[in-house]
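Here's a friendly tour of a protein model, taking in its salt bridges and its nonpolar cores. Have a look at the structure first, then read on.

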Amino acid sequence: MEDITIREAQQQVDTWIRTVGVRYFNELTNLGVLMEEVGELSRIMVRQYGEQSWKSSDKGKDLDDEMADVLWVLICLANQTGVDLSAALKKNFEKKNLRDSDRHRDNEKLV
C-alpha cells in the first residue's frame, strides 16, 4: 500500500465505514472503543519497553497494529465530529512552535 495523507486516511475510513462497516458507532461508543484500544497499546508498550513480563495472552499482539487501531478509531471520531485532522495537526504544530520554542531546550530535566 502506498503512503496516504491524513486527509486520504479520513476519506478511506469513511468509505470503509459506510460500505463494509454499515455505519459509525455513536460518538460515545467510539470514545469508549478508543480508550480500549489505547489500553491495548499500553499493555504492549509496558511489556516491550517497561518492566512488566509478557503473558501468554499477549502473544500475537503487534505494536504497529495496536497503534493503527488507535489511529483508526481517532479518525472515526474526527469524521463524526467534523474535524479535519490535517488542518488540526497543522494548527497544533503552529501552537507548539510558538508556545514551546524554548521551553524544552531550557528544561534542565531534559539535558
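Let's begin with charges: a search of the whole structure turns up seven salt bridges. A salt bridge here means a side-chain nitrogen of Lys or Arg within 4 Å of a carboxyl oxygen of Asp or Glu.

Before going further, some ground rules: this is a predicted model, where local features need pLDDT of at least 70 and side-chain atom pairs count only at pLDDT 80 or more, while totals for chains, interfaces and linings use all residues. Residues are numbered from 1 along each chain as its sequence is written, and side-chain values use heavy atoms, with hydrogens and water left out.

Here are three of the salt bridges, with the N to O distance for each pair:

| Acidic partner | Basic partner | N to O distance |
|---|---|---|
| Asp 14 | Arg 18 | 2.9 Å |
| Asp 100 | Arg 103 | 3.1 Å |
| Asp 102 | Arg 105 | 3.0 Å |

How do these residues sit relative to the surface? We call a residue buried under 20% relative accessible area, exposed over 50%, and partly exposed in between (1.4 Å probe, protein chains only).

Take the Asp 102 pair: Asp 102 is partly exposed at 39%, and Arg 105 is exposed at 60%. Elsewhere, salt bridges with shared partners link Arg 43, Arg 47 and Asp 58 into one network.

In the Asp 100 pair, Asp 100 is buried, with a relative accessible area of 11%, while Arg 103 is partly exposed at 48%.

As for the remaining pair in the table, Asp 14 is partly exposed at 21% and Arg 18 is exposed at 55%. Both sit in helix 1, four residues apart, which is about one turn of the helix. Helices are DSSP runs (H or I, at least four residues), numbered from the N terminus.

Now for the greasy bits. A nonpolar core is a set of buried Ala, Val, Leu, Ile, Met, Phe, Trp, Tyr and Cys residues joined through side-chain atoms within 4.5 Å. The largest one has eight residues: Ala 9, Val 13, Ile 17, Tyr 24, Ile 75, Cys 76, Ala 78 and Leu 85. At least two residues of this core come from helix 1 (6-19), and at least two from helix 3 (63-81).

Which residues does Val 13 touch, leaving aside its neighbours within four places in sequence? Val 13 is in contact (heavy atoms within 4.5 Å) with Trp 72, Ile 75, Cys 76 and Asn 79. There's also a second, separate core of seven residues, including Leu 34, Ile 44, Leu 63 and Val 73.
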